[in-house]
Protein chains: 2
Amino acid sequence: MSELRQNIITREWVIIAKERAKRPDELVRPKKQTAPLAAYDSHCPFCPGNEGMSADEKYRIADREGWKVRVVTNKFPALSQEGDRIRRIDGVFRSMSGVGFHEVVIEHRRHDLSPALYSVEELATVLAAFRQRYIQMRKDPRVEAIIIFKNHGESAGTSLQHPHTQIAATPIVPAQIRHRLDEAIRFFDETGECVFCTTLRRELEARVRIVASTDSFVAFIPYAALSPFHLWIFPVRHCSSFDGIEDFEITDLAAMLHTVLGKLYHGLNDPDYNFSIRSIPAREGQREYFHWYLTVIPRIARTAGFEIGSGMYINTTLPEESASFLRTARAD
Amino acid sequence: MSELRQNIITREWVIIAKERAKRPDELVRPKKQTAPLAAYDSHCPFCPGNEGMSADEKYRIADREGWKVRVVTNKFPALSQEGDRIRRIDGVFRSMSGVGFHEVVIEHRRHDLSPALYSVEELATVLAAFRQRYIQMRKDPRVEAIIIFKNHGESAGTSLQHPHTQIAATPIVPAQIRHRLDEAIRFFDETGECVFCTTLRRELEARVRIVASTDSFVAFIPYAALSPFHLWIFPVRHCSSFDGIEDFEITDLAAMLHTVLGKLYHGLNDPDYNFSIRSIPAREGQREYFHWYLTVIPRIARTAGFEIGSGMYINTTLPEESASFLRTARAD
């Protein structure tokens, strides 16, 4: 019989389908047979020398060659940085002008490099750029939520090969984020504790779903993982918003990402994945009940009508087995 | 500038990306070049003559040839019909035994037929089978929610070509369904009206997003459609649960589905899609604040990190233009 597990942070239930469960090694995809990319592509707007193709530069981390990381406005922004928040309410029809930010972090000069192959220092530079833009965007009073997200690989929604991450700042709090905040407050009201801190403590006690840990971060497969190898990276120190990350934590998170992305790359043959950094809404300050974290979702399973109709996922792997597989997978 | 629109039923915001907006006809996919399927496949567990390959038959609508529609237990059920609901709570780790139902409605004897090409009578027979199984599942006190869903085409999650729909009955109320119920109650508390009835009335007044209507059903593109051609079919008569559908409504919904699926098939070259029937949780009765409906989501856009990180969608079509396109598309 399958088992339903509830994600205490989101209140979502997941079906862990033991009958259909696959061993983690059955989910390793065949090695890509596509031709390797060139290190430089003269048509790529993110390659060095083509800076004019993505001209609205918001930030750069410079070096002798010119830059290590650049942040530019998305060429087709879903949200515009000019304009006022204008809310229109006509009964059940409710809208808001699409102001905010939609930027691209160009992570590396190399066109062909997977983030799993960056050095720890290079990853730290990328994370420092995330923090810098997060701090700036948050100063804008029109911004209610900031979402950092990466699409790696075609099935994860990438349209450009050159390695990049996106940052979107929205003029409203998305319903999903508000629901999770409400649940975190409710947990705090009932227990006096942060649900994220409690979850982390219990995972460290249980040990069976831990993938890797450093002084400041723990990577683990959630008890109610949505899909195979769905993975969370929690900061050990309670902090509500990503922009509160300290320098020593950036170094430590870079080392953790190097390990985790390396384990996916080597252990699962570079699967497509998304990651996202989840924080408290931008207008909230430091709160006892909310804790930022990073979620990684390899695109190994496909969502279908059941997920649309119920919001629930069916996971055909045991989280404990996924964790065990990744713990022993090669990281470097 | 883009526009954010809020779905008043789910409270989710959608970005209508006007700058990147495509005309509906740009989203018509090329005609499939794959070889047509055979009308009969000797290896298909759902084809006539192979009934022994899906032996746990729960229901059949018989005819002279044997059957028109069969309902069988899924061969790899995500939920098991035997066993008790056993809830385990160990602090933040909460689980429930995976009891419930997971069935397959084999819609037609023909292996190769798309539901868009069924006759209205054939569609009515399929809907009658849905209702029958819904009524039976709801009698089981372990069942908290019943989700009817279809995966049409590979990118929508189909693994078997023979046309079929699935029905899952879960032993818990999924968080998504509970959130929507809570929102509907809140709307009712504020206005004294059903949010679905109000939305339908306002859409009929506005007229700009209506795709088709019959005496008992209205098909329209939601004001805050998640994705291109995302479509809702609402019953005109207020009723909280799908199993309350009357015979005359089954005939009418069959005619509506024939029209809507036909418009997708002919107008968009048979895109992959999911549909789902959403009802009030199974243990609730008829309520003033909740109204069942059917949602159709063509798999034209891909979800990526932004949707994972925010729960919001970016729709690159204007709902009004999608509706206008489908209104004039050929249905038959």
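Which residues of the largest nonpolar core touch the most other members? They are Val14(A), Val260(A), Val14(B) and Val260(B), in a core of 197 residues. The legends below refer to a predicted model.

**Figure 1. Overall form of chain A in the predicted model.** Chain A contains 6 helices and 15 strands. The C-alpha trace of this chain spans about 60 × 55 × 40 Å along its principal axes. A compact globule of 332 residues would have a radius of gyration near 20 Å, and the 20 Å of chain A therefore agrees with that expectation. Buried residues make up 52% of the 332 in the chain. Among contacts in chain A with a separation of 6 or more, 72% are between residues 24 or more positions apart.

**Figure 2. Surroundings of Val260(A) in the nonpolar core.** Val260(A) is one of the four residues that touch the most other members of the largest nonpolar core. With neighbours within four places in sequence left aside, the contacts of Val260(A) are Val211(A), Ala212(A), Ala219(A), Leu231(A), Ile233(A) and Val296(A). Of these, Ile233(A) has Leu294(A) of strand 14 as its bridge partner. Val296(A) belongs to the set of strand 14 side chains that also includes Leu294(A) and Pro298(A), pointing one way from the strand.

**Figure 3. Strand 14 of chain A and the strands paired with it.** Strand 14 of chain A covers residues 293-298, and 6 of its 6 residues are buried. Tyr293(A), Thr295(A) and Ile297(A) point to one side, whereas Leu294(A), Val296(A) and Pro298(A) point to the other. Strand 13 (residues 273-278) of chain A runs antiparallel to strand 14 and is joined to it by 6 bridges. In this pairing, Ser276(A) stands opposite Thr295(A). Strand 12 (residues 231-235) of chain A is also antiparallel to strand 14, with 3 bridges between them.

**Figure 4. Strand 2 of chain B and the strands paired with it.** Strand 2 of chain B (residues 13-16) is covered on both faces. Trp13(B) and Ile15(B) are buried on one side, and Val14(B) and Ile16(B) are buried on the other. Strand 1 (residues 3-6) of chain B pairs with strand 2 in the antiparallel sense over 4 bridges, and Gln6(B) stands opposite Trp13(B). These two strands form a hairpin with 6 residues between them, and Arg11(B) in the turn has a positive phi of about 70°. Strand 15 (residues 313-315) of chain B pairs with strand 2 in the parallel sense over 3 bridges. There, Val14(B) stands opposite Tyr313(B); Val14(B) is also one of the residues that touch the most other members of the largest nonpolar core.

**Figure 5. Contact between chains A and B.** The interface brings 65 residues of chain A into contact with 64 residues of chain B. On the chain A side, 30 of these residues are nonpolar, 24 polar and 11 charged. Strand pairing also crosses between the chains: strand 1 (residues 3-6) of chain A and strand 6 (residues 93-97) of chain B are antiparallel over 4 bridges. Within this pairing, Leu4(A) has Met96(B) as its bridge partner.

**Figure 6. Relation between the two copies.** A turn of 180° and a shift of 0.0 Å along the axis lay chain A on chain B with an RMSD of 0.0 Å. This is the relation of a two-fold axis. His179(A) comes closest to the rotation axis among the residues of chain A, its C-alpha lying at 4.2 Å. The copies meet through the same surface, because 98% of the interface residues of chain A are also interface residues in chain B.

Conventions. Residues numbered from 1 in each chain as written. Chains lettered and ligands numbered in written order. Predicted model: local features only at pLDDT ≥ 70, side-chain atom pairs only at ≥ 80, totals over all residues. Buried ≥ 20, exposed ≤ 12 C-beta atoms within 10 Å, placed from the backbone. Pairing = 2+ DSSP bridges. Core = buried A, V, L, I, M, F, W, Y, C linked by C-beta atoms within 7 Å. Contact = placed C-beta atoms within 7 Å. Nonpolar A, V, L, I, M, F, W, Y, C, P; charged D, E, K, R; others polar. Rg over C-alpha atoms; globule rule 2.2 N^0.38 Å. Least-squares fit on C-alpha atoms with pLDDT ≥ 70 in both.
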